[in-house]
Amino acid sequence: MIEIQTQMSERAVELLGLPDDQPCFLLDVGCGSGLSGDYISEEGHHWVGMDISSAMLDVAVEREVEGDLILADIGHGIPFRPGTFDGCVSISAVQWLCNADQKTHSPPKRLYRFFSTLYSALARGSRAVLQLYPENSEQLELITAQAMRAGFTGGVVVDYPNSAKAKKFFLCLFVGGGGPLPKALGAECTDGEESQQARFTKERTRFRNVQGKSVKKSRDWVLEKKERRRRQGKEVRADTRYTGRRRRPRF
């Protein structure tokens, strides 16, 4: 699990496209115990981490991470002055804003509050790279629509789109200007095939070959659900060749 987290952190920082040999000031949204921050520090950058879990931040303190830590709910916004950060990364955090954990929570409003204040806190010309696990195409569209509404351009990069386990979604957001989306890993295209990317601008949202995850109740859908439960620390039965297979009705 730690290795996967580190790999996703490395990929997120790579997608930021930071200048070589120049230390940058980065924001880590949903920093947890600081695993992403460790890689950021190794690369010579400085960082601030935000997380809603005091227990995870306590672990980060015990691990003596180099970044500064803030206990905060990102659904309330990013509490920093305009242009503070040279970039932002987030691993497996933003999709939780789609859940209404309290009666007063409105996912669209919380997402917009997060993205609008993040846009302000980032320097012009910088990027935010948010790795996430959307439950379906509607959730992915909700997230990207609020990012677009807040002023971001950019799109979704899907690494290893044909792999049930290795498939990863990275929302690459640009502040004050666009440019080509980074190339997805494991998504080589032949003539006539579309790239596993979805790009949007302020004027229009457009998805290409990114229609969410798998059909509900299908084998891939079951495997993805089990993988999410494993990441949450829940007990899950081992995968077998019978996983997700439809059973015949009993009489």
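These legends go with a set of close-up views of one predicted model.

**View 1. The whole chain, as a starting point.** Before zooming in, here's the layout of this predicted structure. The secondary structure adds up to six helices and eight strands. Walk along the sequence and you get the pattern α-β-α-β-α-β-β-α-β-α-β-β-β-α. The chain has 251 residues, and 45% of them are buried. As for contacts with a separation of 6 or more, 62% of them join residues 24 or more positions apart.

**View 2. Helix H4 and what it leans on.** H4 takes in residues 107-121, which makes 15 residues. From first C-alpha to last it reaches 21 Å, close to the 21 Å expected at 1.5 Å a residue. Which residues of H4 are buried? They are Pro107, Arg110, Leu111, Phe114, Phe115, Thr117, Leu118 and Ala121. In an α-helix there are 3.6 residues a turn, so residues three or four places apart point the same way. The buried residues of H4 pack against four strands and a helix by name: S1 (25-29), S4 (85-91), S5 (122-132) and S7 (168-174), plus helix H5 (137-149).

**View 3. Asp73 meets Arg110.** Stay with H4 for a moment, since Arg110 is one of its buried residues. Its partner here, Asp73, sits in the loop between strand S3 (68-71) and S4. Is Asp73 buried or exposed? Asp73 counts as buried because its relative accessibility is 15%, and the cut-off for buried is under 20%. Leaving out residues up to four places away in sequence, Asp73 touches Ile52 and Arg110. Asp73 and Arg110 are 37 residues apart in sequence, with 9.8 Å between their C-alpha atoms.

**View 4. Arg11, an arginine tucked inside.** Arg11 belongs to helix H1, which covers residues 2-16. With a relative accessible area of 7%, Arg11 is buried. What does Arg11 touch, once residues up to four places away in sequence are set aside? The contacts are Val157, Asp159, Phe170, Lys183, Ala184 and Leu185.

**View 5. The largest pocket.** This pocket has a volume of about 1,000 Å³. Of the 36 residues that line it, Ile91, Ser92, Ala93, Gln95 and Trp96 are the closest to its centre. Three elements give two or more residues to the lining: H1, strand S2 (46-51) and helix H6 (219-231). H6 gives the most, with four residues. Sorted by class, the lining of the largest pocket has 15 nonpolar, eleven polar and ten charged residues.

**View 6. The second largest pocket.** Here the volume is about 490 Å³. The lining of the second largest pocket runs to 25 residues, and those nearest its centre are Tyr133, Lys165, Ala166, Lys167 and Lys168. H1, S7 and H6 each supply at least two lining residues. Which element gives the most to this lining? That's H6, with six residues. The lining of the second largest pocket divides into eleven nonpolar, one polar and 13 charged residues.

**View 7. Two loop residues with positive phi.** Neither of these is a glycine: Asp21 has phi near 55°, and Tyr160 has phi near 45°. Asp21 lies in the loop between H1 and S1, while Tyr160 lies in the loop between strand S6 (153-159) and S7. How open are they? Asp21 is exposed, with a relative accessible area of 83%, whereas Tyr160 counts as partly exposed at 38%.

**View 8. Cys31 and Cys172, plus a disulfide check.** Cys31 has a relative accessibility of 3%, so Cys31 counts as buried. Cys172 is buried as well, at 1%. How many disulfides does the model have? With a cut-off of 2.5 Å between cysteine sulfur atoms, the count is zero. For reference, a disulfide is a covalent bond between the sulfur atoms of two cysteines.

Notes:
Residues numbered from 1 in each chain as written. Predicted model: local features only at pLDDT ≥ 70, side-chain atom pairs only at ≥ 80, totals over all residues. Heavy atoms only, no water. Buried < 20%, exposed > 50% of the residue type's maximum accessible area, 1.4 Å probe, protein only. Contact = heavy atoms within 4.5 Å. Expected span 1.5 Å × (residues − 1). 1 Å grid on protein atoms, 1.4 Å probe; cavity = no way out; pocket = protein on both sides within 12 Å on 5 of 7 lines; lining within 4 Å. Points joined across faces, edges and corners; volume = space filled by probe spheres on them. Nonpolar A, V, L, I, M, F, W, Y, C, P; charged D, E, K, R; others polar.
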